[in-house]
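Thank you for making time this morning. I would like to walk you through one model, going from its overall layout to a few individual residues.

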Amino acid sequence: MSASTTNVETRVNVSRAVGRYLRAVEHFEAASREFNEACSGLRDQLVEPSRFVTKIDFKHYLVTSDQERNFEVEELELL
């Protein structure tokens, strides 16, 4: 293989890697925004300290929140 061919292959591979990275950054930022919006939405609903079980997608979760509307959601193995 000649040096110019290797150079072209290297540039193409680097270009593909950069493209993949940029797409991943875009997906990560979108997921991060969605996560932050979901957290804010849940905090808006948790107006007082609470502890309850909810069923989502055939799984049970224990939701606990405090006075400052901090919350924890944990999956329950057995109900």
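Before I describe the order of elements, let me say that helices, of at least four residues, and strands, of at least two, are taken here as DSSP runs and numbered from the N terminus. With that in hand, and bearing in mind that this is a predicted model, the protein chain has one helix and three strands, and from the N terminus on they run α-β-β-β.

As for overall dimensions, the C-alpha trace spans about 70 × 30 × 15 Å along its principal axes, and the radius of gyration is 23 Å, where a compact globule of 79 residues would have one near 12 Å. Buried residues make up 9% of the 79 residues.

Turning to the strands, S1, residues 50-56, runs antiparallel to S2, residues 59-65, and seven bridges join them; threonine 54, for instance, has tyrosine 61 in S2 as its bridge partner. The two form a hairpin with two residues between them, and aspartate 57 in that turn has a positive phi of about 50°. S2 also pairs with S3, residues 71-76, in the antiparallel sense over six bridges, with leucine 62 standing opposite glutamate 74 in S3. In this second hairpin five residues lie between the strands, and arginine 69 takes a positive phi near 70°.

Finally, what about the helix, H1, which covers residues 3-45 and includes tyrosine 21? Tyrosine 21 counts as exposed because its relative accessible area is 53%, where the cut-off is over 50%, and together with Val14, Val18 and Leu22 it makes a nonpolar surface patch of about 400 Å².

Notes
Residues numbered from 1 in each chain as written. Predicted model: local features only at pLDDT ≥ 70, side-chain atom pairs only at ≥ 80, totals over all residues. Heavy atoms only, no water. Patch = residues over 30% accessible without salt bridge, like charges linked within 9 Å, V, L, I, M, F, W, Y side chains within 5 Å. Areas by Shrake-Rupley, 256 points an atom, 1.4 Å probe, with all protein chains shown as cover. Salt bridge = Lys/Arg side-chain N within 4 Å of Asp/Glu carboxyl O. Buried < 20%, exposed > 50% of the residue type's maximum accessible area, 1.4 Å probe, protein only. Pairing = 2+ DSSP bridges. Rg over C-alpha atoms; globule rule 2.2 N^0.38 Å.
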